[in-house]
Amino acid sequence: MNKENNLYTLIYASVLVILVALALTLTSDFLRPRQAKNEAFDKMRQILASLNIPTTHANVQSKYNSAIVETYCVDREGNKVEGTAFEIEVAGELRKPTEERKYPVFEALIDGNKKYVLSLYGAGLWGPIWGFISLDADKNTVYGASFGHEGETPGLGAEIETQDFAQRFQGKQIFDHQGRFKSIAIVKAGKSVQGQDYVDGISGGTITSKGVDAMLHSCMEAYVPFLTKE
């Protein structure tokens, strides 16, 4: 075939595109199980971080299996429903009608004391934010928290991912003395609010801090029927 012919060029380019596409597909298929495993490990790490348990890539699964003693889903009425808690993505659930949503719960045993880990999801300045918050056996007092983000500004909103920010929530309570749900407010440093526990927000990350505030209130409110059920 004449290599100077346009048909040759077209065939050559087509074959090259097909080969590259095939190679990319095979590579993607080969890496997918590893990617899924890494994503699962990262979720375990975040759950354990909310329980104040440090991990490494090598020990995260063993620590998760040791600390988490039961997982299940609850509905908007606080009743246990079918579903695998670890596979539930709150972002997807929030797009469903309220009556169809499932909320994951992870029960942990830390030094013989029960903890409840709840999932969080919301919106920051540049994209989604998420996290986990753990409560003591009283289903009221915060034991720990962890937060993540997709694209918040480094040094500003991205600071929600730091241990320093997460530690501010320890010991705070989500119900007032009359048993009314109040959440935990995020305020500017030096400010305060009446009638509920609060923590200082991120300096220079006002919109992200407001996003965390809204996320905490909306997501934990969905768990209130479960938290108050006898």
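**Exercise 1.** In this predicted model, decide whether Lys115 is buried or exposed, and find which side chain is joined to Lys115 by a polar contact.

*Solution.* Lys115 has a relative accessible area of 7%, and therefore counts as buried, since buried means under 20%. The residue lies in strand β4, which covers residues 113-123. Its side chain is joined to that of Asp136 by a polar contact of 2.6 Å.

**Exercise 2.** Determine where the salt-bridge partners Lys80 and Glu70 lie in the chain, and classify the accessibility of Lys80 and of Glu70.

*Solution.* The closest N and O atoms of the Lys80–Glu70 salt bridge are 3.6 Å apart. This pair links distant parts of the chain, with Lys80 in strand β2 (residues 80-81) and Glu70 in strand β1 (residues 68-74), ten residues apart. Lys80, at 53% relative accessibility, counts as exposed, whereas Glu70, at 35%, is partly exposed.

**Exercise 3.** Classify the accessibility of Arg180 and of Asp176, which form a salt bridge.

*Solution.* The closest N and O atoms of Arg180 and Asp176 are 2.8 Å apart. Arg180 has a relative accessible area of 47% and is partly exposed, while Asp176, with 16%, is buried.

**Exercise 4.** Compare the expected span of helix α5 with the distance between its end C-alpha atoms, and locate the bend in α5.

*Solution.* Helix α5 comprises 23 residues (206-228), so that at 1.5 Å a residue it should span 33 Å; the end C-alpha atoms are 32 Å apart, which agrees. The helix nevertheless bends by about 40° at Ala222, and a proline, Pro225, follows within four residues.

How values were computed:
Residues are numbered from 1 along each chain as its sequence is written. This is a predicted model: local features need pLDDT of at least 70, side-chain atom pairs count only at pLDDT 80 or more; totals for chains, interfaces and linings use all residues. Side-chain values use heavy atoms; hydrogens and water are left out. Helices (H or I, at least four residues) and strands (E, at least two) are DSSP runs, numbered from the N terminus. The expected span of a helix is 1.5 Å times one less than its number of residues. The bend at a residue is the angle between axes fitted to the seven residues ending there and the seven starting there. Buried means under 20% relative accessible area, exposed over 50%, partly exposed in between (1.4 Å probe, protein chains only). A polar contact is a pair of N or O atoms within 3.5 Å; within protein, one must be able to donate a hydrogen and the other to accept it, and residues adjacent in sequence count only if both atoms are side-chain atoms. A salt bridge is a side-chain nitrogen of Lys or Arg within 4 Å of a carboxyl oxygen of Asp or Glu.
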